[in-house]
Amino acid sequence: MVDVDLSQPPFSFLNEEGRERVRHGIDLAYFDRDEIILETGQPGEYVFLIHKGEVAELDTTQPGARERIGHYTAGDLFGAISILNGKSRYRFRAEQECLCYLMPKALFLQLCDDYPPFAEFFRQTLAHKARLLTEQRAEGGVTMAGFMLARVSECMRPPLCMGAQTTIAEAVARLHESHADSLLVESEQGAGMVTKTDLLNALVLEGHDRESPLREIAHFALVTVRPEQYLFEVLVMMTRHKVERVVVQEAEGAPPTGVVELTDVLSYFSSRSYVVSLQVEQADSLDALFRASRRTPELVKALMAQGVKLRFAMGLLAALNGRIMSKAWGFLIDERYHRDSCLMVMGSEGRGEQILKTDQDNGLILADGLEWPGVSEQMQRLTETLIELGYPPCPGHIMVNNPEWLGTVSQWRERIARWAQRRDGDSLMKLAVMLDSHAVAGNPALLERVREALFEQCSRDELLLSYFARTALRFSTPLTLFGSLKKPQHGIDIKKGGIFPIVHGVRTMALERKIKPTSTLERLEALTADGRLEERVAENLAEALSLFTELRLKQQLERLDGDGNGKSPDRVVVQQLSSLERDLLREALHIVKDFKQSLSQRYHLEYS
C-alpha cells in the first residue's frame, strides 16, 4: 500500500473506503527530465498524481512561444480527462526528474461510477471549482449557513389585507386580534402598508380620528421581493432601504402573497452577524454607533467561517458600512442641509467590493446656490468621526475635508470636463474614482446629475477611452513565460496582478457603454446583457475576481488575528497554497491575461 496524502479534492469526495482503494491500487513511477509522460492523441491509461518534480502541459498545435498552456507541481494531477475523452488532447512532459503516482484507468473509472462527486470534479468550470474551495474552507464542510439556504417562501407570513376605506379603529382591532404588527391596504393604486406605529402616530401626532380611512395614512412605496429569493438578499435590502418589512410578490405588479418581517429574518439567523446590523440600526448616539461599528470584523469572520458566498457577504458589508456612514452623517449634519447635499463614497467602497473597512474615499456634492456656512469645518469633523469609526484617512487625501472633493454640482461638472481634457495620470485616476461613486447620505439625485455629466463627457471620446483603458495593463500578470505561477518568496501581488486589471478593464467598458451600476459584478452582467461581453467570459471574470478577493481577504483576516507576520495583505505566497488553490489561481490569472489582451485590441493599446 502506498502512503499518499488524499485529503485534497478530488480525493476528499471519496469516503475512507474509497481512499483505501486508491492507496492499494496506485504505483509510483519515475520519469526523467524532458521525458514525454503522455502524448497528444494517446489513449489515457493512468491518472498521474505528482509526488515530486514539475510537468509541463503543451498544446502542440500552437507555435513555440504559445505552446505551453499549463504547469503542474507536487500535489497536482493530470491525465483524467484523457481517460474520460478516450485520448489526450495535449502533451505532458517532465520539466525535471519526476516521481508520479499512477492510478490505473480501471480503478479511476470505477471510482467515478461509485462516487459521482468525484467524477463531477473533472468536468467542472472555474466557477464550480471555486465553489468547492468555499466548501472546503467552510466550518464543518457546510457551503453556506442554514440562513443562506432559506428562501423567502419558507418563512413569509400570509398577508393581512384590508380595504383602503377601512377605518383606523377597525384596523387597530384587526391587528390586536391577529397579534400582527402591520397590515396591507388594498387600493386602486396597488398595495400599501400600515404599521402599528403608523396608526399610533396618525391618532396622537397627526390629528386623524378613529373613523379616518387607511388610504390617508398608508405607505404605497413598498420594498418588494420574490418568493424564490434568499433571505440573505432580504437582509441586504432591509439594511439598504432602512425598513423592517418587505412585501412578497410572484412578479412585479402582482398581488401580494406574503410579508417578511425583521423577526422572520432574525429567526433564521442565529449567529452574531445580524446582531451587528441590528446594533447599527438601533444606535441612537455616536458612542453607540462606535460600539456597533467596532464589531464589524466579527461579522466578517462569522460570514467567512460559515462559507457564505463572497458576493453576498460583500453586499451585506457594503450596505452596513453605508448605514454606519449615513448614521454618522445624521448625527453630525443639520437636517436642513440633507436635501441639498450628497455624501458619496468611492473606490472599493463605492463598488461595494470591500469587506473589511478600508481607507476613506469620499466626497461631497452640494446643490447649486446652497448657502452652508462652516461646511468645511463640519466636513473636518465628519472625517475625524469616520476615523474613530474605523475608516482610516485616505493617503491620497480623497476625502470630504479636502476642498478638491467638495463642491456644487456645477463645480463637479467643471472638474470632470477639466480632467477629461487633460488625460494625464492624475486626472484619469480621478475620473475612475468618480465613476465608482455611490451615495450613502443626503440626496442621491445630486450624484446622479454629476455622474450623468461624466458619461456624457467621456463615453464617446475614443482617445480618452484608450488612455483610460491603458491603466489596466499597468501591472504585469504574475505568470512565468511558460504559463506557470511565479513563486517569489515574498509572494505575488494579487491586487495589482489580478484584481485591478479586471476592475479597471470592466470599469472602462462600463464607461464606454454608459452603464450605471458601480459593482464590477453588476457591470459584468450589464455588459453581457448589452452584448458587449460573451456570457462565458463574464462568468469567468466574475469567478476570477471572487477568487482573488477571497485570497486577499484571507490575508487580511490573518493580519487582524496577528498571524500575518507583517506581510502585505495584497501578497499571496504561492508555496503556502493548497493544490486546489494553486490550480484555481493559475487558471484565474490566465483569464486575466486573456482579458488584458482583449482590452489591448479593443482600445488599440498595442500601438500605444
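The two exercises below, with worked solutions, concern helix packing and nonpolar cores in a predicted model.

Residues are numbered from 1 along each chain as its sequence is written. Local features need pLDDT of at least 70 and side-chain atom pairs count only at pLDDT 80 or more, while totals for chains, interfaces and linings use all residues, and side-chain values use heavy atoms, with hydrogens and water left out.

**Exercise 1.** Describe how helix H10 packs on helix H15.

*Solution.* Begin with the axes, which are lines fitted to C-alpha atoms over the stretch in contact, with angles running from 0 to 180 degrees between N-to-C directions: those of H10 (residues 231–241) and H15 (residues 310–332) come within 9 Å and cross at roughly 15 degrees. Angles under 35 degrees count as roughly parallel, and H10 and H15 are therefore roughly parallel to each other. Next, list the contacts (heavy atoms within 4.5 Å): H10 contributes residues including Phe232, Leu235 and Val236, which meet a set in H15 that includes Phe312, Leu316 and Leu320.

**Exercise 2.** Identify which residues touch the most other members of the largest nonpolar core, and follow one of them outward.

*Solution.* Such a core is a set of buried (under 20% relative accessible area, 1.4 Å probe, protein chains only) Ala, Val, Leu, Ile, Met, Phe, Trp, Tyr and Cys residues joined through side-chain atoms within 4.5 Å. The largest has 92 residues, among which Met434 and Phe548 touch the most other members, and helix H25 (residues 579–602) gives the most to this core, with 9 residues. Leaving aside neighbours within four places in sequence, Phe548 is in contact with residues including Ile494, Ile502, Leu585 and Val592. A second, separate core of 60 residues includes Tyr230 and Leu231.

Methods:
Helices (H or I, at least four residues) and strands (E, at least two) are DSSP runs, numbered from the N terminus. Angles under 35 degrees count as roughly parallel, over 145 as roughly antiparallel, 65 to 115 as roughly perpendicular and the rest as oblique. Buried means under 20% relative accessible area, exposed over 50%, partly exposed in between (1.4 Å probe, protein chains only).
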